[in-house]
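This report covers a bent helix, a sheet and a set of salt bridges.

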Amino acid sequence: MKTDSFVARHVGPRGTNVQEMLTTIGVKSMDELIKKTIPSDIFIPKGLNLDQAMSEHEYLAHIHDLSIKNKLFKNYIGLGYHPTITPGVIQRNILENPGWYTAYTPYQAEIAQGRLEALLNYQTMVSELTGMELANASLLDEGTAAAEAMIMLYNTRSRAQKKNNSIQFFVSDNVLPQTIDILKTRATPLHIDLIFGDYETIEFTEGFFGALVQYPGKNGQVLDYSNFTKSANEKEVRVAVAADLLSLSILTPPGEWGADVVVGTTQRFGIPMGYGGPHAAFFATKQAYKRNIPGRIIGVTKDANGNRALRMALQTREQHIKREKATSNICTAQVLLAVMAGMYSVYHGPNGLKYIANTVHQLTYTLHDELTKLGILQINKTFFDTLNVEVKETKSIKENAELLNVNFYYTNKNTVSISLNETTTLSDVNEIVKIIAKSEDKTFTEVTTINPQITIPQNLSRTSEFMQNPVFNSYHSETEMMRYIKKLERKDLSLNHSMISLGSCTMKLNAASEMFPLSWANWANIHPFVPIVQAAGYQEVFRQLESDLNEITGFHATSLQPNSGAQGEYAGLLVIKAYHEARGDHHRNICLIPSSAHGTNPASAVMAGMKVVVTKATAEGNIDFEDLKEKALLYKDNLSALMVTYPSTHGVFESGIKEITKLIHENGGQVYMDGANMNAQVGLTNPATIGADVCHLNLHKTFAIPHGGGGPGVGPICVVEHLAPYLPSNPIIPTGGDSPITSVSSAPWGSSLVLLISYGYIKMLGANGLKAATENAILNANYIKKNLEDSYDILYTGENGFCAHEMIVDFRAFKEKGIEVVDIAKRLMDYGYHAPTVSFPVPGTLMIEPTESESKAELDNFIAALLSIKKEIESTEKHDEDSILKNAPHTQQMLTDDAWKFNYSRKQAAFPMESIADNKFWPSVRRVDDAFGDRNLICSCTPIEDYM
């Protein structure tokens, strides 16, 4: 074996195994399999034109050299991003631990209790710091969270407001500029009228439904919004607040002065800036909005034994499930980052957070005091961590600061904004004073002590307690914290235990060499709004990554800004919309979407201001061309786009795809390709070849960014040349095309830090390795299919009887015995496996996608598990509610109880195959009671009183 070949480490099947698998499938070679799977007219004629593949050692040297091109300045820019300290115990045991970062979204609660508890801690932290009743399990970034708040308040207007067409939303001019840009993006398609102004002078009329203020404001002023909120509520105007979470440990929380929604970012809770992300945004609100809140909520329920268990609550209110009736397309979160932020609060506790906040504030007051002594005007009367300083001119300050590797934020020619942070020391304060004194021709005198004053006025000072639960007051030594993190990790099944064959999710290897650079300071500690010249390493990565993605997709240009797949869908549709409008075709608003599409497709289209028309599927699972043609002709004058997933959501390469895209173009529309299944295309075909105009790529699927237990995700869009001018920009650092749409994410390049993972994946695989990965993904899927098809019904295949990279297995025939697909999903846990995708896109089925990273041995073990379960089904009596399947999963507690009341043995329950004993995974709870949890919604840690 070539030990310096990354492809040999990434791809699972070994040399002799490959031929055995091909023989089982019934083909002679990999080439024959691929030609029988993919339509001949969409093969790309030559290989990808990419750099030669690097070894892992070469790549790490390369990425280190690039990192040195990023300049590590001390950053006092603020604007929602701050240097922070990631506790080593969290960095080593969560961020750098595959037990945490390779897990999937916790849909299978029984094998996800660890991260569910971590997320419940996060929700509790957020709701108690903000003073709100309910918080979700994170959103993508602060700007997105603010936009989601606006849309939630819009959709929950009173009957009278809807009748009066109340569409005005007030936005304080003190809100962060990147947030304002995203509000504009979201508001325009929905015809929401944004009204900007001063919160003190705005007069609410019946035309208003909501308002947004920043706390503290973008330039650092801490304002008292209590009267503003009171007068707004008197006019039935609901108030959203974008708040700094750390400040809320010493400032009066918005929930105590009447806010309806509080949003923001948890970045400064130990999450590196990473040149913009990823970070977990928070969203907290009142119980009254529990069925309207976007994203996911973790709730408390009980298991089959009545023991406390956690699960994702109210899943039916997840908006993307509602398709074209959705009010949000959010279908993911930032779980890994939320877990880290929650653990930061567990490690420091309420007293630790107050200590950090007070120290930051005292240093800020010390700086204010010293500048005042020099006769320099500091504008903010009340502040937490940010000063607004008036100077003769900022040019000389900028020059002197940059000579000392210091960045401030220059609001205009005469004003400097300076935000201090957790990493700031008294020495740093002296350096700042010295820079300003020199620039202003003042005499510098060194400060020797921190001024201990807390200058927050009484009416803005927090008096209420928070985070009194034992979990926030127990793990403050590193030993205890390490053990707590490990205790939770052991409850979760991740890729470091076994294959996770979730269809449409592509749970492939996230190689350690791809992950290493995320912890390096020169990548992690760059503020997103530094001058471009200070981020030369990042800029080179972006240029090369965009070029490589253009080559892989066959497109002309790429935007890396969208920070999830759903954001990519939304951005792609907005680019199509902008293209039509630039041509004067404002009326083109019809979006055709196949019935089999993922729910985010119609949800994104509605958010983009389009009208969704659903097209039928054939019995074979393909797009019904005649129905599509009928609707394309019917709506040809108003046709905007077709959204199509390729290969299809059913796991098939449809042979008529070129005819489909041609039809859309002939009738004035553009073709949007959902990149969810791109893992079956790379190096063999591409979106441009099939006739698409834009696609999003799930870098957290095809290009190896880990799923993190439900985020981060990255969804860049690639476009043809005529759509390139409309790629999204940013209000602070210009990006995108010549006529760009406004921002879809807060940071200019979205979740920049994790883009390094996909960059490394491409650089180490190279053209041949990427092609081999795709071929082996198709090989592994067809190998499983061949081994299961005599025992189970496989729903859809291509014209030659092969599937693409995934397949749908039908379990509906077993309903006559009272066995549901969920029973099979839970039983797989006893065999050490996470279930494949349950009941999507077809109810009563499992969609299996093994990826290229799994070996033949692992595939054989998974196949054996499913065949063993088939025998269990066959031996089950009709409607036996006490069968081994209905009681699954079986916990260690069940097996060790003195009493065993079941009509099968303990060995059958927990060790149905001999191989399991060597690596047994124990679900930590029995089957959870979803209905009980929804009827009794509890979404935070148990109150301290319950422990007394």
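The bend at a residue is the angle between two fitted axes, one through the seven residues ending there and one through the seven starting there. In this predicted model, helix 12 bends by about 95° at Gly 349, and Pro 350 follows within four residues. Helix 12 covers residues 335-373 and spans only 46 Å between its end C-alpha atoms, whereas a straight helix of 39 residues would span 57 Å. Of the 39 residues of helix 12, 31 are buried, so the rest of the structure largely encloses it. Gly 375, just after helix 12, has a positive phi of about 80°.

Seven strands make up an open sheet with mixed pairing, in the order 2-8-7-6-5-3-4. Strand 2 (134-135) and strand 4 (193-197) are the edge strands. Strand 6 and strand 7 run parallel and are joined by three bridges; Ala 240 stands opposite Val 261 in strand 7. Helix 10 (residues 177-190) lies across strand 3, strand 4 and strand 5, at about 155° to strand 4.

The structure holds 38 salt bridges, including these:

| Salt bridge | Closest N to O |
|---|---|
| Lys 826 and Glu 110 | 2.9 Å |
| Asp 260 and Lys 286 | 3.1 Å |
| Arg 311 and Asp 930 | 3.2 Å |

Lys 826 and Glu 110 are both buried. Asp 260 is buried, with a relative accessible area of 3%, while Lys 286 is partly exposed at 29%. Arg 311 is in strand 10 and Asp 930 in helix 29, so their pair ties together parts 619 residues apart in sequence.

Conventions
Residues numbered from 1 in each chain as written. Predicted model: local features only at pLDDT ≥ 70, side-chain atom pairs only at ≥ 80, totals over all residues. Heavy atoms only, no water. Helix = DSSP H or I, 4+ residues; strand = E, 2+ residues; numbered from the N terminus. Expected span 1.5 Å × (residues − 1). Buried < 20%, exposed > 50% of the residue type's maximum accessible area, 1.4 Å probe, protein only. Pairing = 2+ DSSP bridges. Contact = heavy atoms within 4.5 Å. Axes fitted to C-alpha atoms, helices over the stretch in contact; angles between N-to-C directions. Salt bridge = Lys/Arg side-chain N within 4 Å of Asp/Glu carboxyl O.
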